[in-house]
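Let's take a friendly look at how two chains meet. Please have the sequence and the model open as you read.

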2 protein chains.
Amino acid sequence: MIKRIAFEVKRETKIPVFARDVERVLSVLMVNGDFWEIVRYSMVPLPAVAAMIKLLKEEGWVDYEGERIVLTEKGKKESGALGISPYRSHKCDKCGGKTVLLDDFNDVYQEFLKIQEKRPAALHRYDQGYVTPETTIARVVFADSRGDLRNKEIIVLGDDDLVGIALALTGMPKRVVVIDIDKRILDFERKIKEEKKLDLLDVKRVDLREPLSDELLGKFDVFFTDPTETLAGFRAFACRGVATLKGPGCAGYVGLTHIETSLTKWREIQRFIVETGLVITDIINEFNEYINWPYFKDMRGWELNPVKNMPKGIWYVSALYRLETLEGFQRWNEPLPEDIYEDEESSTV
Amino acid sequence: MIKRIAFEVKRETKIPVFARDVERVLSVLMVNGDFWEIVRYSMVPLPAVAAMIKLLKEEGWVDYEGERIVLTEKGKKESGALGISPYRSHKCDKCGGKTVLLDDFNDVYQEFLKIQEKRPAALHRYDQGYVTPETTIARVVFADSRGDLRNKEIIVLGDDDLVGIALALTGMPKRVVVIDIDKRILDFERKIKEEKKLDLLDVKRVDLREPLSDELLGKFDVFFTDPTETLAGFRAFACRGVATLKGPGCAGYVGLTHIETSLTKWREIQRFIVETGLVITDIINEFNEYINWPYFKDMRGWELNPVKNMPKGIWYVSALYRLETLEGFQRWNEPLPEDIYEDEESSTV
């Protein structure tokens, strides 16, 4: 039965899902009736979860009670008979599963909290959606624990998360360059740079679909980026990031979700990373937590939600990947296609 | 200068190291003079660290003060001029960077602590060396958070860590099969099985160099293994593990160090994982912490230690990898070569 559901979801959505993914969704449904939280904790792409819930309703396994999605008696019995167990997280309540603590950067965190209050709103047009201030600082802390902060030349490709500001506030990198296509973000960061006298920070308007200029190619020790998760989008951000690195032993930080990217596409991305001559040194799930964005109701994920409820808390999360360059890695710098924002697995378009 | 050191270390040890690795070692040397801890925190293979320290001594950058390895004034000045900063960890002090807490499994942990007191000593012959009891339970907890414990059929390939016992003590899997070549471990686990009436636990003597029998092939949802870290050894354990899995959506847990495996070899292993049709879902560094083993002074790592001090605490750690099978993954079950335990990067042989 769950194999058939998986098969039908795959046929309908073109997203490769397996019986295990149906199991994951049922497992969360046993303890949680909120659509957004089912998406978060099942780690299954949103369009697949939505299709799965509709099919499970047709089979009489789930029902809608107002804004909640609940297992019916039949659904409970059948899930139990299949040996499916309620979802449990044992996540550390101190670091939130991020592995690091912010304590040593508390001053920077407090200052950043104030600065970010007036940040530009996330724009649909550029697939923006920013992480919590805590996540931004946690990235900086994690980078420091890997030796990727102090005296390093760091570039941030697309910075609605304001990582560039946080990096600069520590005063520790040799220099920080932020490139973005969005003038509002560049203006905001320029203003902060002046107010806080962040001389090590530089801000430039760059369209990542165009090849990088010589002043950026091969000039950095570390890059940060939170790519759009189509394959084309991932390539745009990650390839450009890799192309900015100086040589072997340089690092890249990238976010990747399960919400917009199936495990099969995760593997394609991992293959691409390895074939580009990099190694993956860390993958920490749910490291990045995003604040819900204002264009929420215009996106495909809202349309797909069968009960149309608003999320109560953070539901959109991504894994932190740390990559490192090895001998012979490739700096790829060709023009990219116009539309990098949409494929069948994406739900925030 | 550090490029030249890296080049010479590479020529001498055949281990691919880069200037960044010399930087990592110098960074730890700024705060720590213990050989074993330099190895742990630098995340550079032990033989490369040893060769590097000898070269740095020849250059007058480091000196030996009894059992400690210290930066000389010249070493401090040169490191500072290169912009190298002291190593900092910001690791969470509650979960130890493992991301999960053991609280929900505290009863199992307490019982396991008692049981493991009389475990067999680690044997050089089989490249044994077991993790702390806390690590064993943390693996079980982590697996539960990924839905890989309850009602699952689980196999453990090589079990000096006693993961099979811990899994069985939870009473949650459908069944647990432990295979090992070491009769002492099998006898120990059989005794515990009887004493504690762990009916779900089965224990079998298997030499992983031989192809797996039909009763093990394709019969499990989850495997655990802590492979010997030569490429041949990794293949022996990981391939056999993968071959026991039922289909897509099954999981494997594998440990991998930086102590015996360079990032270049990490990448080879990642390439192999991806090409076998699996995806890497998690990489958590320093998750696995090992108790020092009795044959410590017979191994290559001891011989390479320039100051021959005993480790004071835990120094041998490894990253936890979680792998998941996708459509079309390969079950490889050929005979393996006799010697899987040694290559140029290994230090525990």
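## Where the two chains meet

A good place to begin in this predicted model is the salt bridge between B:Glu23 and A:Lys152, whose closest N and O atoms lie 2.5 Å apart. Across the interface of chain A and chain B, ten salt bridges are found. There are also 35 residue pairs in polar contact between the two chains, counting pairs with both residues at pLDDT 80 or more.

Which elements build the side of chain A that touches chain B? Those giving two or more residues are listed here.

| Element of chain A | Residues |
|---|---|
| helix H2 | 19-29 |
| helix H7 | 133-145 |
| helix H11 | 263-275 |
| strand E8 | 278-289 |
| strand E9 | 317-325 |

The largest share, eight residues, comes from E8(A). By type, this side of chain A divides into 21 nonpolar, 15 polar and 20 charged residues.

Chain A brings 56 residues to the contact, and chain B brings 56 residues. Together the chains bury about 4,700 Å², with 51% of that on carbon and sulfur atoms. On chain A's part, A:Arg20, A:His90 and A:Arg267 supply 16% of the area buried against chain B, more than any other three residues.

How are the two copies related? A turn of 180° with a shift of 0.0 Å along the axis lays chain A on chain B with an RMSD of 0.0 Å. That is the relation of a two-fold axis. In chain A, A:Ile283 has the C-alpha nearest this axis, at 2.3 Å. The copies meet through the same surface, because 100% of the interface residues of chain A are also interface residues in chain B.

Notes: Residues are numbered from 1 along each chain as its sequence is written. Chains are lettered from A and ligands numbered from 1 in the order in which they are written. This is a predicted model: local features need pLDDT of at least 70, side-chain atom pairs count only at pLDDT 80 or more; totals for chains, interfaces and linings use all residues. Side-chain values use heavy atoms; hydrogens and water are left out. Contact means heavy atoms within 4.5 Å. Buried area is the accessible area (1.4 Å probe) that two parts lose on being put together, summed over both. A salt bridge is a side-chain nitrogen of Lys or Arg within 4 Å of a carboxyl oxygen of Asp or Glu. A polar contact is a pair of N or O atoms within 3.5 Å; within protein, one must be able to donate a hydrogen and the other to accept it, and residues adjacent in sequence count only if both atoms are side-chain atoms. Helices (H or I, at least four residues) and strands (E, at least two) are DSSP runs, numbered from the N terminus. Ala, Val, Leu, Ile, Met, Phe, Trp, Tyr, Cys and Pro count as nonpolar, Asp, Glu, Lys and Arg as charged, and the others, Gly among them, as polar. Copies are superposed by least squares on the C-alpha atoms of residues with pLDDT of at least 70 in both.
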